[in-house]
Amino acid sequence: MDNRDGTNQDSQQNGTAQPGSLEEQLAAARAEAEQYKDKYLREYAERENFRKRQERVMMDRVRFEKRTLVEKVLDVADNLERALRFEDSLDRAGLQQTLRMVVNQIDDVIRTEGLETVPAVDRPFDPRVHEAIEMVRGTGKPEGTIVEEVRRGYVQGEETVRASRVKVSGGK
């Protein structure tokens, strides 16, 4: 027997659904939602695994770069120790030459790490790369000109790693 809404009363009573009935549509929608949920969870897990893998790769790269830098610094330290060991047997000129070689080795390490020195003396003061520690009057140089570098500064690309500490002319 048919109801006014067009469903078979017998099929509602015995629990069987006709094709296209609300129960079937609900079951199909639930199954589809379950498929989308499963797909979402798989995609989310895959994305998280990728993120974690990328973090591990980045940490490994950082660890490798640190180790490489430490090895270079250790080579410099070894040469300083050798210079100290033979300090008594070297004359002043020999010791100075050894120290110059160590300074050159340090400069090489700094350069290979991508750092460049900040030009200072006889240049205009630039607060982005210079740190003024003293103003000197009576230098004969225009105001704002660097007259002495107390500590060398370094940049890496556009970034200031360490500002130069400088003395600046205060004019005549």
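Is D122 buried, partly exposed or exposed? I took this residue up at the outset, working from a predicted model. D122 has a relative accessible area of 48% and is therefore partly exposed, the limit for exposed being over 50%. I placed D122 in the loop that runs between strand 1 (116-117) and strand 2. Its phi is positive, about 70°, although D122 is not a glycine.

**Overall layout**

I then recorded the architecture. The protein holds three helices and six strands, and along the sequence these follow the pattern α-α-α-β-β-β-β-β-β. Of the 172 residues, 15% are buried.

**The sheet**

I looked up the strand order next. Three strands make an open sheet in the order 2-6-3, with mixed pairing. Strand 2 (130-136) and strand 3 (146-151) are the edge strands, each pairing on one side only. From one strand to the next, I noted an average twist of 30°. Strand 3 and strand 6 (residues 164-169) run antiparallel and are joined by four bridges. Within this pairing I located R151, whose bridge partner in strand 6 is R165.

I also checked T145, in the loop between strand 2 and strand 3. T145 counts as buried because its relative accessibility is 13%, under the 20% limit. Its side chain reaches the backbone oxygen of P142 at 3.0 Å.

**The hairpin of strands 4 and 5**

Strand 4 (residues 154-156) and strand 5 (residues 159-162) run antiparallel, with three bridges between them. I found Y154 bridged to R162 in strand 5. Two residues lie between the strands of this hairpin, and G157 takes a positive phi near 70° there.

**Salt bridges**

Side chains of opposite charge can pair when their charged atoms come close. I counted 13 salt bridges in the structure and examined several of them.

How far apart are the closest N and O atoms of E131 and R165? I read 3.5 Å for this salt bridge. The pair links distant parts of the chain, with E131 in strand 2 and R165 in strand 6, 34 residues apart. E131 counts as partly exposed at 32% relative accessibility, and R165 is partly exposed with a relative accessible area of 33%. R165 is thus recorded twice in these notes: as the bridge partner of R151 and as the salt-bridge partner of E131.

E134 forms a salt bridge with K167, with the closest N and O atoms 3.7 Å apart. E134 lies in strand 2 and K167 in strand 6, so this pair ties together parts 33 residues apart in sequence. For E134 I noted 40% relative accessibility, which counts as partly exposed. I further found E48, R51 and E55 joined into one network by salt bridges that share partners.

In helix 3 (residues 92-112) I turned to R111 and D108, which lie three residues apart, about one turn of the helix. Their side chains meet in a salt bridge at 2.4 Å, N to O. R111 is exposed, with a relative accessible area of 52%, whereas D108 counts as partly exposed at 39%.

**A nonpolar patch**

Which residues make the nonpolar surface patch of about 320 Å²? I identified Y40, L41 and Y44. L41 is placed in helix 2 (residues 22-85). At 44% relative accessibility, L41 counts as partly exposed.

Conventions: Residues are numbered from 1 along each chain as its sequence is written. This is a predicted model: local features need pLDDT of at least 70, side-chain atom pairs count only at pLDDT 80 or more; totals for chains, interfaces and linings use all residues. Side-chain values use heavy atoms; hydrogens and water are left out. Patches are made of residues with over 30% relative accessible area and no salt bridge: like charges are joined within 9 Å, nonpolar side chains (Val, Leu, Ile, Met, Phe, Trp, Tyr) within 5 Å. Accessible areas come from the Shrake-Rupley method with a 1.4 Å probe; for residues, only the protein chains shown count as cover. A salt bridge is a side-chain nitrogen of Lys or Arg within 4 Å of a carboxyl oxygen of Asp or Glu. Buried means under 20% relative accessible area, exposed over 50%, partly exposed in between (1.4 Å probe, protein chains only). Two strands pair if DSSP finds at least two bridges between them. Axes are lines fitted to C-alpha atoms, for helices over the stretch in contact, and angles run from 0 to 180 degrees between N-to-C directions. A polar contact is a pair of N or O atoms within 3.5 Å; within protein, one must be able to donate a hydrogen and the other to accept it, and residues adjacent in sequence count only if both atoms are side-chain atoms.
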